[in-house]
Amino acid sequence: MTDILMPKATAVWMVDNTSLTFEQIAAFCGLHPLEVRGIADGDVARDIRGVDPITGGQLTREELDKAQDNADYRMKAIVSRHAELLKAHKAPPKYTPVSRRQDRPDAIAWFVRNHPEVTDAQIAKLLGTTKSTIESVRNRTHWNSPQIKPVDPVTLGLVGQLALDDLVSKAAAKKNKDDAKKGGDTLQPVEAEPAEPEFVPEAAERRTAEPTAASVFGTRN
């Protein structure tokens, strides 16, 4: 059975427009026969509009006619390019050659000593190791602890320089963000305003006194 797009909508169309059995529809759409029966009874997919798999390019008229003529025949769907694109492609697990697996503890020790901001999950994903191994290297309970020395994983050939730089930069950015959240904004000291000059009554009187001829023209000898 090939995965098809909109299986329930396709089943609705087949129930309404063909003489196929519930088992044939279920096999083609990837559903349970009881679910198809529920569609026929109106208990399932009430609000779903049927989709014609022939016009949608997922089934040929010849296949449909064969199935309607023979209740034991199971239709074969046309492989849909769009269905393949919608499938989630899981990345294969990281493989480390046997000859270099003994170097992973050295790389782990390098991360522990030089980049504590990188999480165990990130190290495990990058090096293809386990969290328990990382913990044993950190706590020096690893069976080969006396021989473990911190070595750059790029030097060991376990990862590329670009991948390492990207991981370290992301870990550092996340740590800075977390630290900012924990610490919050620091309060800035308030600058003291300049003190007002002391009020002197005599000075006020001098400023408000009426000018005299002597003060303007000076005294004559």
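The paragraphs below walk through three places in a predicted model: a helix early in the chain, the end of a later helix, and the loop that comes after it.

The walk begins at helix α2, which spans residues 22-29 and in which Gln24, Ile25, Ala26, Phe28 and Cys29 are buried. The cover over these buried residues includes three other helices, namely α1 (7-17), α3 (33-41) and α4 (61-69). Where α2 has just ended, the chain reaches glycine 30, whose phi is positive, at about 75°.

Further along the chain lies helix α9, made of residues 131-138, and arginine 138 belongs to this helix. Arginine 138 counts as partly exposed because its relative accessibility is 34%, a value that falls between the 20% limit for buried and the 50% limit for exposed. Once residues up to four places away in sequence are set aside, arginine 138 touches Val112 and Asp120. With the second of these partners there is also a polar contact, in which the side chain of arginine 138 meets the side chain of aspartate 120 at 2.8 Å. Arginine 138 can also be placed relative to phenylalanine 111, which is 27 residues away along the chain, while the C-alpha atoms of the two are separated by 9.7 Å.

Beyond this helix, histidine 142 sits in the loop that runs between α9 and α10 (161-183). Histidine 142 has a relative accessibility of 12% and therefore counts as buried, since buried means under 20%. When neighbours within four places in sequence are left aside, the residues in contact with histidine 142 are Pro105, Thr133, Ser136, Val137 and Ile148.

Methods:
Residues numbered from 1 in each chain as written. Predicted model: local features only at pLDDT ≥ 70, side-chain atom pairs only at ≥ 80, totals over all residues. Heavy atoms only, no water. Helix = DSSP H or I, 4+ residues; strand = E, 2+ residues; numbered from the N terminus. Buried < 20%, exposed > 50% of the residue type's maximum accessible area, 1.4 Å probe, protein only. Contact = heavy atoms within 4.5 Å. Polar contact = N/O pair within 3.5 Å; in protein donor to acceptor, adjacent residues only side chain to side chain.
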